[in-house]
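Colleague: Could you take one part of this model and go through it closely? I would like the paired strands and the residues around them, in one connected account.

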Amino acid sequence: HMTKKPQAPIIESVGESNQSLTVTVNAPADVGQDTINKYQLYLNDALHSQEHTSNTSVIFAVSGLSNGTIYNLKVRIVNNTGSSEEYSDIVQASPYGAMSIVSAVASGKQLTLTINPNGRGVEKVILLGIDNSPTEELVANSIFDISQNQISQTQNANITVTKTFSGLSGDLSFYLAVVHCNNVVQFIKST
């Protein structure tokens, strides 16, 4: 008589962290007539790893990935009857690390900020710059509030933001840059 192959397993959750993903997989309601032998995890359609277990749940720890790169994940289970015909639904995930400010360089009235987003887009940048003789008009001329859609975004390469404080009478003598990325705020100021 025909033995039944298992149905597709379910990717319950995917945790994204620095150069890694944690994939939690649950067995389907119908695992067929045989015990589960192993779970297979596919990354961008290639078999990445397998866990030999008969448990109804398994966690794959995937490391060595590139931050900011989108990976397509799918899983299937294997029992003595053979592979599940069915793959799980594809889930997309993208690892990320801690954002950092690489540098801030003031030249004349211009400030150039370099940010390593490390896998996530930058949400906001606020730049403050003043010269040696601050005036009443200082505030209007010395703050740039730069929103996400004004920033040239890339997830896995440095981002550069350059602004000229043309309203100042002299060169920049003090600056403060605040970067908001993935619920983290970092700042850098002139020394």
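Modeller: Here is the overall picture, then one hairpin with its sheet, a second sheet for comparison, and a buried lysine elsewhere.

Keep in mind throughout that this is a predicted model. The protein has 1 helix and 15 strands. Its radius of gyration is 25 Å, well over the 16 Å that the globule rule gives for 191 residues, so the protein is more spread out than a compact globule. The box filled by the C-alpha atoms points the same way: roughly 90 × 25 × 20 Å along the principal axes. Of the 191 residues, 36% count as buried. The accessible surface comes to about 10,100 Å², and carbon and sulfur atoms account for 46% of that. Take the contacts between residues at least 6 apart in sequence: 62% of them join residues at least 24 apart.

Now the close look. Start with the hairpin of β14 and β15, which has 2 residues between its strands. Strand β14 covers residues 174-181, and β15 covers 184-189. The two run antiparallel and are joined by 6 bridges. Two of the pairings can be named. Cys181 has Val184 in β15 as its bridge partner. Val178 is matched with Phe187, also in β15.

What sits in the turn? Asn182 is there, with a positive phi of about 50 degrees. Asn183 is found in the loop between β14 and β15 as well. Is Asn183 buried or exposed? Its relative accessibility is 69%, so Asn183 counts as exposed, the cut-off being over 50%. Another residue comes into view from this loop. Glu123 is 60 residues away from Asn183 along the chain, yet their C-alpha atoms are separated by 8.7 Å.

The hairpin belongs to a wider sheet. Here 4 strands form an open sheet in the order β12-β11-β14-β15, with antiparallel pairing. The edge strands are β12 (143-147) and β15, each pairing on one side only. Ignoring direction, neighbouring strands of this sheet are turned by 10 degrees against each other on average.

Set the second sheet beside it. This one has 3 strands, again open and antiparallel, in the order β9-β10-β13. Its edges are β9 (100-107) and β13 (159-164), and each of these pairs on one side only. The twist averages 15 degrees from one strand to the next.

There is a hairpin here too. It is made by β9 and β10, with 2 residues between them. Gly108 lies in that turn and has a positive phi of about 65 degrees. The two strands run antiparallel and share 7 bridges. One of the pairings joins Val105 to Thr112 in β10. On its other partner, strand β10 (residues 110-116) pairs with β13 over 6 bridges, also in the antiparallel sense. Leu111 stands opposite Lys163 in that strand.

Gln110 is worth a pause. It lies in β10. Its relative accessible area is 34%, so Gln110 is partly exposed, between the 20% and 50% limits. Setting aside neighbours within four places in sequence, Gln110 is in contact with Val105, Thr162, Lys163, Thr164 and Leu172. With Thr164 there is also a side-chain polar contact of 3.4 Å. Leu172 is 62 residues from Gln110 in sequence, but 7.5 Å from it in space, C-alpha to C-alpha.

One general point helps when reading strand residues. In a regular strand the side chains alternate between the two faces of the sheet.

Last, the lysine. Lys74 lies in strand β6 (residues 71-79). Is Lys74 buried or exposed? Its relative accessible area is 13%, under the 20% limit, so Lys74 counts as buried. Which residues surround it? Beyond four places in sequence, Lys74 touches Ile11, Gln40, Leu41, Tyr42, Asp45, Tyr87, Ser88 and Ile90. Asp45 has a further link: a polar contact of 3.0 Å joins its side chain to that of Lys74.

To pull the residues together: Asn183 is exposed, Gln110 is partly exposed, and Lys74 is buried.

Methods
Residues numbered from 1 in each chain as written. Predicted model: local features only at pLDDT ≥ 70, side-chain atom pairs only at ≥ 80, totals over all residues. Heavy atoms only, no water. Pairing = 2+ DSSP bridges. Axes fitted to C-alpha atoms, helices over the stretch in contact; angles between N-to-C directions. Buried < 20%, exposed > 50% of the residue type's maximum accessible area, 1.4 Å probe, protein only. Polar contact = N/O pair within 3.5 Å; in protein donor to acceptor, adjacent residues only side chain to side chain. Contact = heavy atoms within 4.5 Å. Rg over C-alpha atoms; globule rule 2.2 N^0.38 Å. Areas by Shrake-Rupley, 256 points an atom, 1.4 Å probe, with all protein chains shown as cover.
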